[in-house]
Amino acid sequence: MHDFSHLPRNDVLCMDMRSFYASVECMKQGLDPMTDMLAVVGDKTRSGSIILAASPELKRRHGVKNVSRFFDLPDDPNIHVVEAKMGDYIKVSLEITKLVNRFVPKEAIHQYSVDEVWVTVNGLTKIYGAPHEVAKLIQTEIKDTMGLTCSIGIGDNKFLAKVAMDLYAKKTGIAECRYEDVEAMLWPTPIEDIWGIGSRMKHNLNRMGIVTLGQLAQYPLERLKKRFGVMGEQLYWHAWGVDLSPVIGDFQKQEQKGFGHGITLLRDYRKDEVYACILDLCEEVCRRARTAKKAGRTVHLGIGYCQEVGGGFHRSRSVDLPTNITMDVYNVCVELFETFYDGASKVRRVFVTLDNLYADEETQLDLFENRTKKKDIGYVMDQIRDRYGSTALLRATSYTEAGITLDRSKKIGGHKA
């Protein structure tokens with residue numbers, strides 16, 4: 001057994017709001033999130049729209065999953081179907097964070113997603129009791145004030161709190177896993193059930209004879225490092241319950257390594273339509289770069305073909321001078337698209353990324369081109385949009401049927417605000 005005596009011990013909670021979107025919609029309509037059947041879909045007008053969330057009772061009674069399609073819903077008059085309102089979910093998520101902030105300082109809160117958060121509750125024993133009592137108190141406060149339920153995992157670090165929540169708390173409400181519990185609670189678990197291990201990694205590990213987390217823990221560390229590099233070392237230590245990531249800090253401020261924007265289109269696009277989509281994406285990527293006073297040298301373009309064809313490509317190209325000028329980035333994307341596009345397939349997914357960043361004020365002038373004027377135009381356009389709205393000033397192609405900006409402006413996270 002591993003010696004845990006030298007490792008830091010913290011009281012970390014991992015909170016996950018149960019069927020968050022569906023529960024919020026139930027509360028808005030005066031329904032019980034635990035007993036009523038409700039499905040949240042992206043767009044009620046499209047039968048192929050994905051079910052983003054299903055209430056626990058809908059999952060239990062009809063086996064509906066979050067990856068199901070609208071047309072998969074059974075013909076049951078007791079099922080309530082609503083469209084996603086991402087703005088509402090973000091507001092509720094902020095209110096939950098504010099509630100947690102009453103118990104711990106901001107630096108002890110690490111928001112993982114809109115419905116999941118880590119909370120470090122070190123030092124609260126004398127005020128509220130043991131970590132389990134703190135978890136129960138927060139759980140009760142959220143239920144009493146918002147009508148929402150949550151599952152909470154408790155551990156010595158973020159990883160243990162997360163897996164305790166995933167594997168046990170979703171069934172029991174609150175679950176705790178400490179270093180000493182890893183062998184009994186986690187090692188029998190199939191590796192695909194462990195946070196951070198996806199289908200590709202599962203396949204690779206299975207080929208090495210590793211099926212459970214216990215087998216991963218007993219596998220030679222050096223062989224894992226040789227096979228997977230740094231990821232192999234992390235897998236090994238996670239299998240022993242070890243995670244040294246910080247539990248206190250400013251988790252909101254992170255160094256921006258790049259700016260990306262992508263979309264899964266509502267229909268398949270022909271080649272001539274893709275250009276308008278790429279231009280809209282370049283505009284958004286460069287606007288975000290300018291807002292951060294950054295410019296980048298490497299442009300990435302990703303294209304996914306329609307479902308019937310499958311596949312696509314992801315290519316990048318670097319430019320001589322860092323840029324955040326929309327047309328500069330767009331021209332690179334066009335070159336990449338025309339070079340690697342197969343010439344026939346329709347397109348369903350597009351994304352653009354600008355990275356290899358520099359401070360914008362450090363970028364050099366070009367003796368053969370008036371880059372200063374181009375950059376100024378971009379900043380002026382941004383100022384107009386900031387003052388009058390994101391759609392106050394658009395390029396002509398954005399108003400065509402292939403443009404995406406007008407529709408995206410009404411959404412948050414790809415869904416209706």
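How many aromatic pairs does the count come to? The count comes to 15 aromatic pairs, and the points below, written about a predicted model, place some of them within the fold.

1. Overall make-up. The protein has 15 helices and 14 strands, and its C-alpha atoms fill a box of roughly 65 × 60 × 45 Å when taken along the principal axes. Of the 417 residues, 48% are buried. Among the contacts with a separation of 6 or more, 64% are made by residues 24 or more positions apart.

2. The five-stranded sheet. An open sheet is formed by five strands in the order β5-β6-β1-β7-β8, with mixed pairing. The strands at the edges are β5 (109-113) and β8 (174-177), and because each has a single partner strand, one side of each is left without a neighbour in the sheet. On average, neighbouring strands of this sheet are turned by 20° against each other, direction ignored. As general background, strands of a sheet pair through backbone hydrogen bonds, either parallel or antiparallel. In the case of β5 and β6 (residues 116-120), the two strands run antiparallel and are joined by four bridges, and H110 stands opposite W118 in β6.

3. Helices against the sheet. Helix α5 (residues 131-146) lies across β1 (12-17), β7 (150-155) and β8, and runs at about 160° to β7. Helix α6 (residues 158-172) also packs on the sheet, where it touches β1, β5, β6, β7 and β8, and its direction makes about 140° with that of β7.

4. Helix α5 in detail. With 16 residues, α5 reaches 22 Å from its first C-alpha to its last, which is close to the 22 Å expected at 1.5 Å a residue. Its buried residues are P131, V134, A135, I138, Q139, I142 and M146; they cover an arc of only 135° around the axis, and are therefore on the same side of α5. An α-helix has 3.6 residues a turn, so residues three or four places apart point the same way. The elements covering the buried residues of α5 include β1, α1 (20-28), α3 (86-101), α4 (125-128), β7 and β8. Just after the helix comes G147, which takes a positive phi of about 75°.

5. Helix α10. In helix α10 (residues 221-228) the buried residues are L221, L224 and F228. Seen down the axis of α10, these buried residues fall within an arc of 65°, so they line one face of the helix. They pack against α8 (199-207), α9 (213-218) and α11, whereas E222, R223 and K226, on the other side of α10, are exposed. The residue that follows α10 is G229, whose phi is positive, near 70°.

6. H238 and a cluster of rings. H238 lies in helix α11 (residues 230-239), and because its relative accessibility is 13%, under the 20% cut-off, H238 counts as buried. Leaving aside residues up to four places away in sequence, H238 touches F159 and D243. F159 also belongs to a cluster in which ring pairs link Y112, W118, F159 and W195. W118 in this cluster is the residue of β6 that H110 stands opposite.

7. The pair F313 and F340. A pair of aromatic rings is described by the distance of the centres and the angle of the planes. For F313 and F340 the ring centres are 6.1 Å apart and the planes are at 45°, so the pair is tilted. F313 lies in strand β11 (residues 312-323) and F340 in helix α13 (residues 326-340), so the pair ties together parts that are 27 residues apart in sequence. As to exposure, F313 counts as buried at 9% relative accessibility, while F340 is partly exposed, with a relative accessible area of 33%.

8. E83 in strand β4. E83 is found in strand β4 (residues 79-83), and with a relative accessibility of 15% E83 counts as buried. Its C-alpha atom is separated by 5.9 Å from that of D43, although E83 and D43 are 40 residues apart along the chain.

Note on methods:
Residues are numbered from 1 along each chain as its sequence is written. This is a predicted model: local features need pLDDT of at least 70, side-chain atom pairs count only at pLDDT 80 or more; totals for chains, interfaces and linings use all residues. Side-chain values use heavy atoms; hydrogens and water are left out. Two strands pair if DSSP finds at least two bridges between them. Axes are lines fitted to C-alpha atoms, for helices over the stretch in contact, and angles run from 0 to 180 degrees between N-to-C directions. Contact means heavy atoms within 4.5 Å. Buried means under 20% relative accessible area, exposed over 50%, partly exposed in between (1.4 Å probe, protein chains only). The arc is that of the directions from the helix axis to the C-beta atoms. The expected span of a helix is 1.5 Å times one less than its number of residues. Rings of Phe, Tyr and Trp (its six-membered ring) pair if their centres lie within 6.5 Å; planes under 30 degrees apart count as stacked, over 60 as edge-to-face and the rest as tilted.
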